[in-house]
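Trainee: I am new to this structure and would love a close look at one part of it. Could you walk me through some salt bridges, slowly and with the terms explained?

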2 protein chains.
Amino acid sequence: MAGHLDFYFFYGSIHSYLSVMRIGALASAAGVEVNNTAFTKNDVKMNYFWHDVERRARRHKIPFAGRAPYPADPELLALRVGLIAAQEKWCDDYSRATFHDWFIGRRAPGVGDHVEHILASLDKSAAPIIARAQSAESERLSKEATDAARELGIFGAPTFAIGAEIFWGDDRLEDALAFAARR
Amino acid sequence: MAGHLDFYFFYGSIHSYLSVMRIGALASAAGVEVNNTAFTKNDVKMNYFWHDVERRARRHKIPFAGRAPYPADPELLALRVGLIAAQEKWCDDYSRATFHDWFIGRRAPGVGDHVEHILASLDKSAAPIIARAQSAESERLSKEATDAARELGIFGAPTFAIGAEIFWGDDRLEDALAFAARR
């Protein structure tokens, strides 16, 4: 055997169904010995998430500089500006710049002058965009977008949707794209 | 463009970092157009989880007969028997039988005489095993296993661990096996 792996699950867990069914054959094929182990719930999800982001960043060759400041975007300003950016078709650049500034620059989105900084880096005039982001019109846009997401049954980020078919989690990005491409 | 996909995320979401960074190139390669969309939190996680289990069951050719009775294993009897099974090296068969009975037979683990039924199907004498599962010795085993899992930082099921390296979710089974095989 090349290695071994501990498998944690419990018998009230619907998420465990597929793994229980798949692990035997896959482990044999991989030459890995599986130990069945008990399961508990505790408060260290956050540690796992950070470690997991680091591990997956390495795998996908995305820069990662350790835990970024958290939480972020306390007044949803970065989000409001993102909605404007989406209307005007520069949301891709804005989003990549915002997350890069957060994870590599260590400046959390929507805090202090960080949005201004991002807008300037994209050669956008920050003041009028931020004024729009704080307007009643922006409030309405944000509410509409939130209602639409709620209607679809979206509960977590990131989520990818193809019509009403939703995929939750970065690890479903490829599945979601394959689903979209087949349509 | 072969299709399009809606991408939900927000700017306070560490999980969204990888997707924001990866989606542009992957979507181009897949010929899929991406719409950036707002995000909300609500109470329909359960609907998604069931749909997702169905979708992944189809993909992995695992039988699925719709939503199984939920919740399950109210007194952790199925779990306690599983710990005994793990000590005696018949946990794989017991676990597959338990989940098959739940998802296909629609008999939730640990309810009524379901554990007896599973044990009988494995040619085990149910009464002495269940008596052991309800003993103080079993209580101690269960507590030790739970403490060990807590120590490792495990917070959800299914989880796969290679030493202290944990992978959460059925979608990480292949990653976990690859990690274990490399060691």
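In which helix do Glu144(B) and Arg140(B) both lie, and how many residues apart?

Mentor: Happy to help! A word on the basis: this is a predicted model, where local features need pLDDT of at least 70 and side-chain atom pairs count only at pLDDT 80 or more, while totals for chains, interfaces and linings use all residues. Residues are numbered from 1 along each chain as its sequence is written, chains are lettered from A and ligands numbered from 1 in the order in which they are written, and side-chain values use heavy atoms, with hydrogens and water left out.

Now to your pair. Glu144(B) and Arg140(B) both belong to helix H7 (residues 136-152) of chain B, where they sit four residues apart, about one turn of the helix. Helices here are DSSP runs of H or I with at least four residues, strands are runs of E with at least two, and both are numbered from the N terminus. The two residues form a salt bridge, with the closest N and O atoms 2.4 Å apart. That term stands for a side-chain nitrogen of Lys or Arg within 4 Å of a carboxyl oxygen of Asp or Glu. Glu144(B) is partly exposed, at a relative accessible area of 44%, and Arg140(B) is partly exposed too, at 41%. Here buried means under 20% relative accessible area, exposed over 50%, and partly exposed in between, using a 1.4 Å probe and protein chains only.

Helix H4 (residues 91-103) of chain B holds another pair: Arg96(B) and Asp93(B) are three residues apart there, and so separated by about one helical turn. Their salt bridge has its closest N and O atoms 3.4 Å apart. Arg96(B) is partly exposed, with a relative accessible area of 30%, and Asp93(B) is also partly exposed, at 44%.

Next comes a bridge between chains. Glu165(A) forms a salt bridge with Arg55(B), the closest N and O atoms being 2.9 Å apart. Glu165(A) lies in strand S4 (residues 165-168) of chain A and Arg55(B) in helix H2 (residues 45-59) of chain B, so this pair joins two chains. Both Glu165(A) and Arg55(B) are buried.

Finally, the wider picture. Over all chains, the count comes to 30 salt bridges. Some of them share partners and join Asp52(A), Arg55(A), Glu165(A), Asp171(A), Arg172(A), Asp52(B), Arg55(B), Glu165(B), Asp171(B) and Arg172(B) into one network.
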